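Student: I have a new model open and would like to learn how to read its features. Could you walk me through it?

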Amino acid sequence: MTAALNLAEQGFQTHLVEKSARLGGTFRDVRSLRDVPEPAVWLDELIERTTTHPKVRVYLTSRLAAVEGSVGGFRTTIEEDGKTKTVEHGAAIIAIGAGESEPSEYRYGEDHRVLTQRQFEARLDEGTDLGESIVMIQCVGSREPDRPYCSRVCCAQAM
Ligand code: SF4
């Protein structure tokens, strides 16, 4: 959405193709962020700005049925609700989204007290009693040879 809006604000007609029935993806499950006081409100505003922008056409529950051409001259067929539409475009941004990692370490899946951060946040949000002592284990499955990168959100969410 951010990329689509950026292009649209530069004057380019933009087509945003989303495979699910609504925009937002995994960000819908994020309840706290360092730089965004209310992520849900921020997301709703982003969706509103995207879906109402005159230069952005949003397709939900959609997929790319065919793509041909090359950079500068693509011709793509979008399938939405059983109907197809072909658009010509010069560039494509593939935003594949992200999902929470399911750890295999620290007895996750074996001990019910071991939660992912997202599960923990959901329980906090529901007002579940989580006991008096909590240990946060950071960087699980990240910043190691198979996944050397940093997700850039979990430290701030943990705090
Ligand atoms: S954001 Fe923090 S907890 Fe998450 S991978 Fe990076 S350093 Fe580790």
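Student: Which hand does the crossing of α1 and α2 have?

Tutor: For handedness, look at how one helix is turned relative to the other. In this predicted model, the crossing of α1 and α2 is left-handed.

Student: At what angle do the two helices pack?

Tutor: Here you compare the directions of the two axes. Helix α1 covers residues 2-9 and helix α2 residues 39-52; they pack at about 45°, with axes 10 Å apart. An angle between 35 and 65 degrees is neither roughly parallel nor roughly perpendicular, and α1 and α2 are therefore oblique to each other.

Student: Which residues of α1 and α2 meet?

Tutor: On the α1 side, look for T2, L5 and E9; their partners in α2 are L46, R49 and T50. Sorted by class, this contact holds two nonpolar, two polar and two charged residues.

Student: Now the whole chain. Which domains does the assignment give?

Tutor: Domain 1 spans 2-89 and domain 2 spans 117-158, according to the domain assignment. Their contact takes seven residues from domain 1 and seven from domain 2. Taken over C-alpha atoms, the centres of the two domains are 28 Å apart.

Student: And which residues surround the ligand?

Tutor: To read a ligand site, list the shell, then sort it by class. The ligand is surrounded by four cysteines, C139, C150, C154 and C155, together with Q138, S142, R143, S151, R152 and V153. By class, the shell divides into five nonpolar, three polar and two charged residues.

Technical notes. Residues are numbered from 1 along each chain as its sequence is written. This is a predicted model: local features need pLDDT of at least 70, side-chain atom pairs count only at pLDDT 80 or more; totals for chains, interfaces and linings use all residues. Side-chain values use heavy atoms; hydrogens and water are left out. Axes are lines fitted to C-alpha atoms, for helices over the stretch in contact, and angles run from 0 to 180 degrees between N-to-C directions. Helices (H or I, at least four residues) and strands (E, at least two) are DSSP runs, numbered from the N terminus. Angles under 35 degrees count as roughly parallel, over 145 as roughly antiparallel, 65 to 115 as roughly perpendicular and the rest as oblique. A crossing is left-handed if the near helix is turned anticlockwise from the far one by less than a right angle, and right-handed if clockwise. Contact means heavy atoms within 4.5 Å. Ala, Val, Leu, Ile, Met, Phe, Trp, Tyr, Cys and Pro count as nonpolar, Asp, Glu, Lys and Arg as charged, and the others, Gly among them, as polar. A residue is near a molecule or strand if one of its heavy atoms lies within 4 Å of it. Domain bounds come from an automatic or database domain assignment.
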